[in-house]
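User: Hi! Could you walk me through this protein? I'm new to reading structures.
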Amino acid sequence: LTHQVAITIDPFDAKDFDDAVSLDKMDNGHWLLVVHIADVAHFVPEGSPIDLDARDRGTSVYLPDRVIPMLPEVLCNSLASLQPNKVRFTNSVFMEFTPDGVRCNTMIRKSAIRSTARLNYDEVQEYKDGRRQTSEDREGSGLGASLESCRLPSDICRLLDSLFELSRILRARRKSRGALEMNMPDIKIDLDDDGKVVGAHAEVQREANQMIEEFMLSANEAVAEHLAAKDVPFLRRIHKNPSYRKIKEFTDFLRIMKLDDLEPEELLESRFVIQRILDKTKGTTAESAVQFSLLRAMQRAVYSPEEEGHYALSSDCYTHFTSPIRRYPDLTVHRLLWSEGRKKRDNSSLYLLGLHCSERERRAEDAERDLVKLKLIDFMSRTLGMQLDAVITGMNPSGIFVQGIEIPAEGLIPIVSLADDNYRFDRLARSIVGRRTNHEFRLGDRLRVEVVKADPDAREIDFRRV
């Protein structure tokens, strides 16, 4: 497939590129989306020393100032990476979609591609925003949108337009079947040239990110259904339904916040009710508090051969296939695609592998979260007295937990530091209330705070209400 226009779209600082996409319109009016994934299994035979080490690691670890890769750097950043203008081996998933987004055919092939362009999310989003503005300007003047504003080659511009169009169709279809859309921004640490923290920001998903995510979800689902149809045991990505107790806690929270008066059964019966709540609070001061509370109500997604679906994605059959450079479960799925005739892996060993990979994933996430927290505490310790806007994310008898908006550092406002009244914690109302004035602090409220203390050893930041 080296003649085909295929592009990679990743973060601007990415070193490994394990996925590329191509898209064409077929003669029958259908879309033909091709997701190309680096054929890591070609370089990593099962049971080899590299494979055993990758299995032990389970995943790459992405820390604020470094990456601890699952595979040797020569593989993940060079030989297997889909670098532009270099022939690379891939496993390609051909997916035919009807004009309204129904996948009606799937074909998986070993292939070789030559990536046409290496794009990053920022420039693709800038292109999208520029095209939208150009379109609006031309419609206002009675002219149609053109490719004049595109600084990229015309074939890449046309491909991007088609990719955005199909991703919107697929996203709308996924949402219509009950998939949940939560907008939980990642915290990104800003470092100077010496690796010193100079700030941080919340990185929200934009259209460019969502577009690639949509195509990866489609490929993951297509591969899972392909293996399931062949009755091949494989590591699925499963996300079990939330428990009644956890959902009841969430409905109690909504009632206290005066956002909705729902019964737990209503949420358990329909994901659309949950999505309605998310849509209702989007862009409001309660958005963060609602999303955090819902996240606590959800179970953690894990790897397992159990034939269970993915609750949040509303998918009956799902796996991880699209990131074999950084996730070991994906690598096992790649091998299974071409293992017909070999001895099938028994479920007991798959269960153990799933438990191991799930544990390694949790360990990597905890390491990243802990280091981000330590980096922010270190930064705050050098900026005592700095003021920032913050939102209340939690509370208990000791005080109010807040997270900065411009700099997403988390910390505590001790209840004893609230000097304008004698405050108490109301457990039932989940609020902190002044005994004399009845002034109330609630989840989702915004405050202006000042950094008073930052203790790296205790891993705590103390704020004062300004």
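Analyst: Happy to! One term to begin with: buried means under 20% relative accessible area, exposed over 50%, and partly exposed in between (1.4 Å probe, protein chains only). Helices (H or I, at least four residues) and strands (E, at least two) are DSSP runs, numbered from the N terminus. This is a predicted model, where local features need pLDDT of at least 70 and side-chain atom pairs count only at pLDDT 80 or more, while totals for chains, interfaces and linings use all residues. Residues are numbered from 1 along each chain as its sequence is written, and side-chain values use heavy atoms, leaving out hydrogens and water.

User: Cool. How many residues of helix H10 are buried?
Analyst: Ten of the ten residues in H10 (328-337) are buried. Among them are Asp330, His334 and Arg335.

User: And which residues touch the most others in the largest nonpolar core?
Analyst: Phe250 and Ile432, in a core of 50 residues. Such a core is a set of buried Ala, Val, Leu, Ile, Met, Phe, Trp, Tyr and Cys residues joined through side-chain atoms within 4.5 Å. Helix H11 (residues 347-381) gives the largest share, five residues.

User: New topic: what's the strand order in the open three-stranded sheet?
Analyst: E16-E17-E18, with antiparallel pairing. Two strands pair if DSSP finds at least two bridges between them. E16 (423-426) and E18 (440-442) are at the edges with a single partner strand each, so one side of each has no neighbour in the sheet.

User: Which residue in E17 is opposite Phe425?
Analyst: Isoleucine 432. E16 and E17 (residues 431-434) pair over four bridges.
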